[in-house]
Amino acid sequence: MRVRVLFFGMLKDLVGRSGDVLEMPDGATVRDVLRRYLSEVPKMSESMASLAAAVNQEYAGPETVLKADDEVALLPPVSGGSGSAAIARDPINTQAVRERLKRGEDGAAVVFEGVVRNQTRGRRTLYLDYEAYEGMALGKMEELAAQARGQFQVREVAIVHRLGRLKVGETSVLIVVASAHRAAAFDACRWLIDTLKRTVPIWKKEYFEDGAVWADGEPFPEEIPRGNSVAGGSPGIEGASK
């Protein structure tokens, strides 16, 4: 059977391409896909413990059995549309999003903007490039918005993430929370950005005068299987570092 494999962030550079079409035997699993690439690119073992996998835009464990024409995405830790979530390639208009969200019954509208800063660890930043597994990223942002509305009892949420090249000072991510009460709005906004940075498949590459690097991602939450279990038992994987 044939499956499509996608690579993102640092994995795309490591493997040297953004995707593959593989011929796999019937009954093959996510673990089999990982082992195949480990044999082809042994250096992947260095980051295997921190990788996650998705099948058809849903996080998947190592035992997940694949079907013909499945899409398998191999995901490094994330750098952190429609409905409550959107992906933008043009500058984000914060005021427009905030005014669209607000209603007469709201007593608070809390806004968070993630902004491109001019340096990282003492190195001057020229610009950033963001990329995403777009369909899955939008779906996960919508799930976060729905969860925040229920968990914090806020009226509405908007999440917008920018992709492509961003200059210093530009907004990379915008979160707006509208609520009757400020405490709930603040709590929901903080939870949303912290969770987004750990679970939504978006990555950034930082460009400096002397080179470029993929930003270190935050570890996936414990409930999302990682490469140390996805490829468990494979030679060279035991004790692999993040």
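How many bridges join strand E1 (residues 2-7) to E2? There are 5, and the two strands run antiparallel. One of the pairs to look for is Arg-4, whose bridge partner in E2 is Val-21.

Before we go further, a word on the model. This is a predicted model, in which local features need pLDDT of at least 70 and side-chain atom pairs count only at pLDDT 80 or more, while totals for chains, interfaces and linings use all residues. Residues are numbered from 1 along each chain as its sequence is written, and side-chain values use heavy atoms, with hydrogens and water left out.

**The chain as a whole**

The chain has 6 helices and 14 strands. Helices (H or I, at least four residues) and strands (E, at least two) are DSSP runs, numbered from the N terminus. Buried residues make up 52% of the 242 residues; buried means under 20% relative accessible area, exposed over 50%, and partly exposed in between (1.4 Å probe, protein chains only). The accessible surface comes to about 11,500 Å², and 47% of that belongs to carbon and sulfur atoms. Accessible areas come from the Shrake-Rupley method with a 1.4 Å probe, and for residues only the protein chains shown count as cover.

**The five-stranded sheet**

E1 and E2 belong to an open sheet of 5 strands, ordered E2-E1-E5-E3-E4, with mixed pairing. Two strands pair if DSSP finds at least two bridges between them. E2 and strand E4 (58-59) stand at the edges with a single partner strand each, so one side of each is left without a neighbour in the sheet. Strand E3 (residues 52-55) is joined to E4 by 2 bridges, and these strands run antiparallel; Ala-54 has Tyr-59 of E4 as its bridge partner. Helix H2 (residues 30-40) packs on this sheet, touching E1, E2, E3 and strand E5 (71-75), and its direction makes about 115° with that of E2. Contact here means heavy atoms within 4.5 Å. Axes are lines fitted to C-alpha atoms, for helices over the stretch in contact, and angles run from 0 to 180 degrees between N-to-C directions.

Strand E2 (residues 19-23) has alternating side chains: Asp-20 and Leu-22 point to one face and are buried, while Gly-19, Val-21 and Glu-23 point to the other and are not.

**The four-stranded sheet and its helices**

Another open sheet has 4 strands in the order E6-E10-E12-E7, again with mixed pairing. Here E6 and E7 are the edge strands, each with a single partner strand, so one side of each has no neighbour in the sheet. The twist averages 10° from one strand to the next. E10 and E12 run antiparallel and are joined by 6 bridges, with Glu-156 opposite Ala-178 in E12. H4 lies across E6 and E10, at about 145° to E6. H5 packs on the sheet too, touching E7, E10 and E12, and its direction makes about 150° with that of E12.

In helix H3 (residues 94-101), Thr-94, Val-97 and Leu-101 are buried. They cover an arc of only 70° around the axis, which puts them on the same side of H3; the arc is that of the directions from the helix axis to the C-beta atoms. What covers them includes strands E7 (108-115), E10 (156-162) and E12 (171-179).

**Nonpolar cores**

A nonpolar core is a set of buried Ala, Val, Leu, Ile, Met, Phe, Trp, Tyr and Cys residues joined through side-chain atoms within 4.5 Å. The largest has 32 residues, and those with the most contacts inside it are Val-157, Ile-159, Val-177 and Leu-192. Its largest share, 8 residues, comes from H5. Apart from it lies another core, of 23 residues, including Leu-22, Leu-34, Leu-66 and Val-72.

**Two buried residues to look up**

| Residue | Element | Relative accessibility |
|---|---|---|
| Tyr-130 | strand E9 | 8%, buried |
| Lys-140 | helix H4 | 12%, buried |

Tyr-130 is 32 residues from Arg-162 in sequence and 7.3 Å from it in space, C-alpha to C-alpha. Leaving aside neighbours within four places in sequence, Lys-140 is in contact with Gln-57, Glu-58, Tyr-59, Val-200 and Pro-201.
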